[in-house]
Amino acid sequence: VAGSVGPLGVVLAPIGRVAVADAHDAFAEQIGALVAAGVDLLLIETMPSVAEVTAAVAAARSISTDLPVVVMVTFADDGRTLLGMGPADVATELTALDIDGIGVNCSTGPNQVLRLVSAMRAVAPDIIIAAVPNAGFPERGSNGRVAYPATAEYFADYVGAFLAAGVSIIGGCCGTSEAHI
């Protein structure tokens, strides 16, 4: 059972107003509950910045030094994080942390995620890589509802490419269903 740890939805200091110590405490509270519930793995996911990842990983390791941790970052459609880092720089920063895997989730779909994880693999050849894309970029339909355009068949077309790129964990994020998985 994997326990999901998502972003706080704020920008950390010194750019934002939330202190790193406060972020650590918020993550520690959530991670403590997940560990007490018996999770086998922590997925720190949909993270917009390396600073927030670092706080979450520090909180995780303050609670458990042996529980596997996989970190996934999300990227905008320009291939950069909220604070402007590209995938190679993100991978370099993340692999310096005490974690077991890195990757990309959410973002704009399988095609973009494949490019991003390939760039990560190039600078991090020995770590577990995860690819957990959205079912495409969300679009607003004529009825006003948001929908994700990538079909299960389109999603499946990327499995071989993910494996060839060295991805070990493949899944789906927003807009995916059991058919996609």
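Here are some short exercises on this predicted model, each with a worked solution.

Residues are numbered from 1 along each chain as its sequence is written, and side-chain values use heavy atoms, with hydrogens and water left out. Because the model is predicted, local features need pLDDT of at least 70 and side-chain atom pairs count only at pLDDT 80 or more, while totals for chains, interfaces and linings use all residues.

**Exercise 1. Work out which strands pair with S5, and whether S5 is enclosed or not.**

Step 1: get the terms straight. Helices (H or I, at least four residues) and strands (E, at least two) are DSSP runs, numbered from the N terminus. Two strands pair if DSSP finds at least two bridges between them.

Step 2: look at S4. Strand S4 (residues 101-106) runs parallel to S5, with 6 bridges joining the two. One of the bridge partners is easy to pick out: cysteine 106 goes with proline 133 in S5. To get from S4 to S5 the chain passes through helix H4 (residues 110-123), and this β-α-β crossover is right-handed. Right-handed here means that, with the strands pointing away from the viewer, the path from the first strand over the helix to the second runs clockwise.

Step 3: now S8. Strand S8 (residues 169-170) is joined to S5 by 2 bridges, again in parallel. Here alanine 131 has isoleucine 170 of S8 as its bridge partner.

Step 4: check burial. Buried means under 20% relative accessible area, exposed over 50%, and partly exposed in between (1.4 Å probe, protein chains only). In S5 (residues 128-133), 5 of the 6 residues are buried, so the strand is largely enclosed by the rest of the structure.

**Exercise 2. Find out how the buried residues of H1 are arranged, and what covers them.**

Step 1: list them. They are Ala23, Phe27, Ala28, Ile31 and Leu34.

Step 2: look down the axis. The buried residues of H1 fall within an arc of 135°, so they line one face of the helix. That arc is taken over the directions from the helix axis to the C-beta atoms.

Step 3: flip to the other side, where Ala21, Glu29 and Ala36 are exposed.

Step 4: find the cover. Strand S1 (2-5), strand S2 (41-47) and helix H2 (50-63) are among what covers the buried residues of H1, where contact means heavy atoms within 4.5 Å.

**Exercise 3. Do the same for H3.**

Step 1: in helix H3 (residues 87-95), the buried set is Pro87, Val90, Ala91 and Leu94.

Step 2: seen down the axis of H3, they fall within an arc of 100°, so these residues line one face too.

Step 3: their cover includes H2, strand S3 (69-73), S4 and H4.

**Exercise 4. Explain why cysteine 106 has no bond to cysteine 174.**

Step 1: recall the chemistry. A disulfide is a covalent bond between the sulfur atoms of two cysteines. The cut-off used is a pair of cysteine sulfur atoms within 2.5 Å.

Step 2: check the distance. The closest cysteine sulfur to that of cysteine 106 belongs to cysteine 174, at 4.1 Å, which is too far for a bond.

Step 3: try cysteine 174 itself. Its nearest cysteine sulfur is that of cysteine 173, 4.0 Å away, and cysteine 174 is in no disulfide. The count by this rule is 0 disulfides.

Step 4: compare surroundings. Cysteine 106 is buried at a relative accessible area of 15%, whereas cysteine 174 is partly exposed at 30%.
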